[in-house]
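Me: I have a model open and would like to learn how to read it feature by feature. Could you walk me through it?

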Amino acid sequence: MSAFTAALALSLAFIVVCVSAQHAGTGKCPEPPVQPEFQVAEYLGRWYDYAHYSVPFEYGEKCIQAMYSILPSGRIRVLNSGIGSSGNNVSAKGEAYPPDPTVGAKLAVSFFNATQTTPNYWVLSTDYTTYSMVYSCTQVTSLLHFEVLWILARDYNLSADVKDMVLGKFKALDLDTDIFKYTKQGQENGCHN
């Protein structure tokens, strides 16, 4: 097999994995509005992953949660954790910061000491005490992008009213709510919430 054929096969395999895991779109990434006057201090603490688009790094996980705190540098410490498909505890540590401090709800989040300079975690809406709507978009080419949405909750469950309100807000932004994967949470699912 030639190097070109191998590279092409690898590229196609990558695209197939990405397309099956996230919402693919054509053209540039959309730019939905974000939470105005985002308050980092109020956002800190534990958030449970209530629902999300399926992404490879969360495949088969349950009991997913994120803990946000302030680092001495002023950046946000990110600790994501859950239980993997084989029952093992999994976690990832990272950092977040707003590249443009005037738009605090657009955060650049990186893990494993990687450098992220463009915002890849947009808080579209939050009330800080119940729910958070998070958006991420990766531009693959000028013709293709992949979107991921998360619904985060302060408690591992949301009331039907809050869930319907959040889904309505996503729909109003023309973001697909039909492909959400709801995260297994709670002691009945082996979580230690």
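Me: Let's start inside. How many residues does the largest nonpolar core have, and which of them have the most contacts inside it?
Reply: Happy to help, and keep in mind that this is a predicted model. The largest nonpolar core has 40 residues, and Y43, Y68, Y121, I151 and F170 are those with the most contacts inside it.

Me: Which elements each supply at least two residues of this core?
Reply: On the strand side they are β2, β3 (62-70), β4 (76-83), β6 (106-111), β7 (121-126), β8 (131-141) and β9 (144-153), and helix α3 (160-172) does so as well. The most comes from β9, with six residues.

Me: Take one core residue. What is Y121 in contact with, leaving aside its neighbours within four places in sequence?
Reply: Y121 is in contact with Y43, Y68, A105, K106, L107, V109, V134, Y135 and L152. Two of these, Y43 and Y68, are also listed with Y121 among the core residues with the most contacts.

Me: How should I read the strands around there? In which sense do β5 and β6 pair, and over how many bridges?
Reply: A general idea to start with: in a regular strand the side chains alternate between the two faces of the sheet. Here, strand β5 (residues 89-97) and β6 pair in the antiparallel sense, over four bridges. Within that pairing, E95 stands opposite S110 in β6. On to the next pair: β6 and β7 also run antiparallel, joined by two bridges. There, K106 has W122 in β7 as its bridge partner.

Me: Now charges. How many salt bridges does the structure hold, and which side chains meet?
Reply: In general, side chains of opposite charge can pair when their charged atoms come close. The structure holds one salt bridge, where the side chains of R75 and E95 meet at 3.7 Å, N to O. R75 lies in the loop between β3 and β4 and E95 in strand β5, so the pair ties together parts that are 20 residues apart in sequence.

Me: Are R75 and E95 buried, exposed or partly exposed?
Reply: R75 is partly exposed, at a relative accessible area of 34%. E95 is partly exposed too, at 34% relative accessibility.

Me: And D49? Where does it lie, and which side chain of opposite charge is nearest?
Reply: D49 lies in strand β2 (residues 45-52). D49 is buried yet has no salt bridge, and the nearest side chain of opposite charge, K181, is 7.8 Å away. A salt bridge needs the side-chain nitrogen within 4 Å of a carboxyl oxygen, so that pair does not qualify. What D49 does have is a polar contact of 2.9 Å with T183, side chain to side chain.

Me: How do I read loops? Are G87 and T177 buried or exposed?
Reply: Take them one at a time. G87, in the loop between β4 and β5, is exposed, with a relative accessible area of 53%. T177, in the loop between α3 and β10 (181-182), is buried, with a relative accessible area of 10%. Not counting residues up to four places away in sequence, T177 touches L167, F170 and K171.

Me: Finally, the whole chain: how many helices and strands are there, and what share of residues is buried?
Reply: There are three helices and 10 strands, following the pattern α-β-α-β-β-β-β-β-β-β-β-α-β along the sequence. Of the 193 residues in the chain, 40% are buried.

Technical notes
Residues are numbered from 1 along each chain as its sequence is written. This is a predicted model: local features need pLDDT of at least 70, side-chain atom pairs count only at pLDDT 80 or more; totals for chains, interfaces and linings use all residues. Side-chain values use heavy atoms; hydrogens and water are left out. Buried means under 20% relative accessible area, exposed over 50%, partly exposed in between (1.4 Å probe, protein chains only). Lys and Arg count as positive and Asp and Glu as negative; His and the chain ends are not counted. A polar contact is a pair of N or O atoms within 3.5 Å; within protein, one must be able to donate a hydrogen and the other to accept it, and residues adjacent in sequence count only if both atoms are side-chain atoms. A nonpolar core is a set of buried Ala, Val, Leu, Ile, Met, Phe, Trp, Tyr and Cys residues joined through side-chain atoms within 4.5 Å. Contact means heavy atoms within 4.5 Å. Two strands pair if DSSP finds at least two bridges between them.
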